[in-house]
Amino acid sequence: MPVLIADRATIARAADLLRAGRLVAFPTETVYGLGADATNEQAVAGIFAAKGRPAFNPLIVHVQDLMAAEQLGVFSDVARQLAQRFWPGALTLVVPRRPDCRLSLLVSAGLDTVALRVPSATVVRALLEESGLPIAAPSANRSGRISPTTAAHVDESLASRVDLILDAGPTQLGLESTVIGCAGDVPVLLRPGAIAREEIEETAGPLHRAAGTIQSPGQLASHYAPRATLRLRAHSVDADEALIGFGANVPAGAKQVFNLSERADLREAAANLFAMLRAADAVAARIAVMPIPAHGLGEAINDRLARAATPRDEP
Ligand code: TXA
Ligand code: MG
């Protein structure tokens, strides 16, 4: 794929691609990110497809400044203090999504929180300004590989899976951002990173450590689970069930049908998954879900459905 030196013209082209729902890799001060329009479900689904992730992990959304961040998430006093001290920079804050948050649901992997970061590197800042979009961007590597700190790493790992790679040389820090959870009563260190815990504790006070590493939403206590019971791999449907369908041949008789993708396209299905789970949950106490193929993005869709079907432990 085209690796282009980042300059005004190539950044403008990258912004056009993002607005068109395409994927662009770009350098931040930490590592190279694989970016998409964070308000576009399909584009965000494209990130998961390109990374080959077996599960939907929530992604970091990059924004221009704290004001832009506060339009998307709810900031507690300590979250705001951390943002004021460390932004722009290598700190990511996980905060509750605002009720009117216009971000893709997939970007949060169905959680009611969102990870926000205001980066400091020139190229990503220019791209945020030029595109006018919040940009979802995990590290620009295939799942399970090491995070890329040069454009050549991105090219090796993602090659034809990304529409454009902006090259501005090796990244300054070479380590991902520190992720702090600010959705609960006390700030939690979710991922150690480029800013040391001690530095953050000067502002936030003692950080609690997350139990285990948070790799996927299923490991989070607050993960979104429907109220309704889910019946997976359903080939027929009862009259009191909402049906989450896939493909053209949907069984008749459901209370209401939500088709993830009539043309059986897994990327479209991924883009619709969380919104349709919520919609189905709102209209029925039981949800039947048709079989979803296990390949490609189907693996992550099935993973998420299996978690949603597992009864949540009552506290
Ligand atoms: O430096 C970085 O953070 C790079 C650059 C590109 O900004 N991005 C990055 O993204 O490393 P990614 O997707 O590889 O890592 C995101 C981390 C994961 O550990 C994920 O679990 C956590 O942030 N995360 C994101 N949203 C979350 C949420 N709502 N709740 C808990 N953890 C979340
Ligand atoms: Mg990563």
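A residue is called buried when its relative accessible area is under 20%, exposed when that area is over 50%, and partly exposed in between. Arg85 has 39% relative accessibility, so Arg85 counts as partly exposed. The same yardstick returns throughout this walk through the structure. Keep in mind that the model is predicted.

Start with the ligand. Ligand 1 is surrounded by 22 residues. The closest are Thr30, His62, Thr113, Ser177 and Arg191. By character, the shell divides into twelve nonpolar, six polar and four charged residues.

Next, look at the polar pairs. His62 places a polar side-chain atom 2.7 Å from an oxygen atom of ligand 1. Arg191 has a side-chain N or O atom 2.9 Å from an oxygen atom of the ligand. For Ser139, the distance from a side-chain N or O atom to a ligand oxygen is 3.2 Å. How much of ligand 1 does the protein bury? Taken alone, the ligand exposes 680 Å², and the protein buries 94% of that.

Which elements give two or more residues to this shell? They are strand S4 (60-62), strand S6 (113-117) and strand S10 (188-191). Strand S6 gives the most, with three residues.

His62 deserves a second look. This residue lies in strand S4. Its relative accessibility is 3%, so His62 counts as buried. Accessible area for residues considers only the protein chains as cover. The burial of His62 is therefore computed without the ligand as cover. Setting aside neighbours within four places in sequence, His62 is in contact with Arg117, Pro119, Leu128, Leu133, Pro134, Ile135 and Ala137.

Now move to Ser157. It sits in helix H6 (residues 151-158). Is Ser157 buried or exposed? Its relative accessible area is 17%, so Ser157 is buried. A polar atom of the Ser157 side chain lies 2.9 Å from the backbone nitrogen of Arg142. Not counting residues up to four places away in sequence, Ser157 touches Ala140, Asn141 and Arg142.

Two other helix residues show the opposite setting. Thr122 lies in helix H5 (residues 122-131). At 67% relative accessibility, Thr122 counts as exposed. From Thr122 to Ile301 is 36 Å, C-alpha to C-alpha, with their places 179 residues apart in sequence. Ala282 belongs to helix H8 (residues 266-283). Its relative accessibility is 62%, so Ala282 also counts as exposed. Ala282 and Val3 are 279 residues apart in sequence, and their C-alpha atoms are 45 Å apart.

Turn to charge pairs. The model holds 15 salt bridges. One of them joins Glu199 and Arg85, with the closest N and O atoms 3.9 Å apart. The cut-off is 4 Å, so this pair counts as a salt bridge. Glu199 lies in helix H7 (residues 197-204) and Arg85 in helix H4 (residues 77-86), so the bridge ties together parts that are 114 residues apart in sequence. Glu199 has a relative accessible area of 35%, so it is partly exposed. Its partner Arg85, at 39%, is partly exposed as well.

Helix H7 also holds a salt bridge between two of its own residues. The side chains of Arg197 and Glu201 meet at 2.9 Å, N to O. These residues are four apart in helix H7, so about one helical turn separates them. Arg197 is partly exposed at 26% relative accessibility. Glu201 is partly exposed at 24%.

A further salt bridge pairs Asp238 with Arg286, where the closest N and O atoms are 3.4 Å apart. What parts of the chain does this pair link? Asp238 is in the loop between strand S12 (229-231) and strand S13 (241-245), while Arg286 is in strand S15 (residues 286-289). The two are 48 residues apart. Asp238 has 34% relative accessibility and so counts as partly exposed. Arg286, at 29%, is partly exposed too.

This pair also belongs to a network. Salt bridges link Arg231, Asp238, Asp240, Glu241 and Arg286.

How values were computed: Residues are numbered from 1 along each chain as its sequence is written. Chains are lettered from A and ligands numbered from 1 in the order in which they are written. This is a predicted model: local features need pLDDT of at least 70, side-chain atom pairs count only at pLDDT 80 or more; totals for chains, interfaces and linings use all residues. Side-chain values use heavy atoms; hydrogens and water are left out. A residue is near a molecule or strand if one of its heavy atoms lies within 4 Å of it. A polar contact is a pair of N or O atoms within 3.5 Å; within protein, one must be able to donate a hydrogen and the other to accept it, and residues adjacent in sequence count only if both atoms are side-chain atoms. Accessible areas come from the Shrake-Rupley method with a 1.4 Å probe; for residues, only the protein chains shown count as cover. Ala, Val, Leu, Ile, Met, Phe, Trp, Tyr, Cys and Pro count as nonpolar, Asp, Glu, Lys and Arg as charged, and the others, Gly among them, as polar. Buried means under 20% relative accessible area, exposed over 50%, partly exposed in between (1.4 Å probe, protein chains only). Contact means heavy atoms within 4.5 Å.
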